[in-house]
Amino acid sequence: MPGYNLKNFTMNYLNYSADELKSRGGFCTAREICNQPRLWGESYLKLKKEKGTITDFIKEVLTREGLNIILTGAGSSAFIGEALQGYFQKKTGKLTRAIATTEIVSHPENYFLKSQPTLLISFARSGNSPESVAAVKLARTFCPNLYELNITCNPNGELGKMSAHENSYTFVLPEETNDKSLAMTSSFSSMLLAGLLIADYRNIEEMETIIIDLQNLGNELFAEYTSMLQQLAKTEFSRIVFLGAGSLYGIARESHLKVQELTDGNIIAKFDSFLGFRHGPKAVVNNSTLMFYLISNNAYSRLYETDLIKSVKNTDAGERTAAIGNNIGDYKFDFPVQLPDIAESIPEEYLSVCYIIPAQIIGFFKSLELGLPPDSPSKSNSISRVVQGVNIYNIR
């Protein structure tokens with residue numbers, strides 16, 4: 001499958017050499033962002049290789065009457081669940097909820113029922129976050145009929161080690177998806193893709209054309225829009241708002257976190273749905289705000305998105321605008337990421353894998369603009385690659 005060349009990306013598009021990126025503390029983040037299209041292909045091939053065992057596990061679990069599916073994780077990993085929730089429910093026909101491990105750990109009795117069989121699908125880059133492990137232990141306590149599917153980038157993580165029994169399965173993504181940087185980039189998009197494919201497990205082999213289209217689309221985003229997104233990052237804004245709906249709501253949430261993490265909180269980021277933004281959050285818009293719209297290729301959904309975009313434009317707030325989508329030329333955005341025609345034929349849920357790229361690039365360049373090292377931008381060390389300082393208590 002096609003991939004992307006790191007040297008070409010850093011030299012031709014980032015306008016920094018590998019040595020410059022290393023000296024500024026951004027080499028790992030740059031590598032992890034630009035390697036995503038290649039890693040999507042490798043993740044697909046690995047999943048395809050394990051199709052038989054994954055299919056056997058999923059098919060058996062889905063026969064359970066009254067099955068409840070919970071998609072979980074912490075931080076970015078939780079947002080994967082938010083992006084997948086609707087698609088998983090649509091494909092499996094089972095009630096599916098996205099509930100962060102950070103919610104499960106503090107209030108487990110709110111989410112588990114002893115009488116209800118539950119499939120707990122955990123997403124984790126390292127698998128070593130205290131909440132990731134605790135959520136599984138609590139699920140085992142509250143659910144005698146529990147099934148566990150772990151999707152992780154680290155074969156040696158604590159989460160993966162917990163799954164050595166017949167009611168569990170762990171899918172480990174390719175080693176390179178286990179980002180070394182603080183911010184999750186390739187790990188996020190690769191785990192998201194794995195989740196999409198597992199939801200549609202019957203058709204994994206038939207999805208190869210879609211995966212290749214995604215790779216080509218990702219590569220085109222880098223080649224055509226990195227310079228524009230770098231210029232966007234150089235503009236003065238103190239707030240950025242990402243709007244998305246459906247599967248793109250989870251991407252909007254991850255996008256806001258990427259910019260906020262990589263800029264060490266110097267840029268205040270927000271997220272919402274298009275319809276939800278009208279109900280109060282719209283007050284955040286002023287002349288230092290950048291509005292970033294994640295526009296669906298679903299014609300029905302786009303009717304509501306268009307209404308909101310017009311509504312914001314009709315104010316005198318003075319905001320700047322950016323967007324990603326196909327057929328967006330009529331909107332006259334300040335920074336349009338116009339997708340090629342191929343995006344029209346890719347299912348909206350799969351497009352979400354590419355829609356995270358602009359926020360990653362903006363966050364990366366804004367981090368450098370602020371004099372921060374993107375690989376570890378937190379000056380105070382208040383946030384870390386694997387969360388620290390969480391006490392896990394025994395439940396009575």
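**Exercise 1.** In this predicted model, determine whether arginine 64 is buried, partly exposed or exposed, and identify the residue with which arginine 64 forms a salt bridge.

*Solution.* Step 1: arginine 64 has a relative accessible area of 24%, and the partly exposed class lies between 20% and 50%, so arginine 64 is partly exposed. Step 2: the salt-bridge partner is glutamate 60, with the closest N and O atoms 2.8 Å apart. Step 3: glutamate 60, at 42% relative accessibility, is likewise partly exposed.

**Exercise 2.** Establish which parts of the chain are tied together by the salt bridge between aspartate 179 and arginine 125, and classify the accessibility of aspartate 179 and of arginine 125.

*Solution.* Step 1: the closest N and O atoms of this pair are 3.6 Å apart, which is within the 4 Å cut-off for a salt bridge. Step 2: aspartate 179 belongs to the loop between strand S5 (168–172) and H10, and arginine 125 to the loop between strand S3 (118–124) and helix H8 (130–142); the pair therefore ties together parts 54 residues apart in sequence. Step 3: aspartate 179 is buried at 0% relative accessibility, and arginine 125 is buried at 5%.

**Exercise 3.** Describe the placement of the salt-bridged pair glutamate 158 and lysine 161.

*Solution.* Step 1: their side chains meet at 3.7 Å, N to O. Step 2: both residues lie in helix H9 (residues 158–161), and because they are three residues apart, about one helical turn separates them. Step 3: glutamate 158 is partly exposed at 38%, whereas lysine 161 is exposed at 54%.

How values were computed:
Residues are numbered from 1 along each chain as its sequence is written. This is a predicted model: local features need pLDDT of at least 70, side-chain atom pairs count only at pLDDT 80 or more; totals for chains, interfaces and linings use all residues. Side-chain values use heavy atoms; hydrogens and water are left out. Buried means under 20% relative accessible area, exposed over 50%, partly exposed in between (1.4 Å probe, protein chains only). Helices (H or I, at least four residues) and strands (E, at least two) are DSSP runs, numbered from the N terminus.
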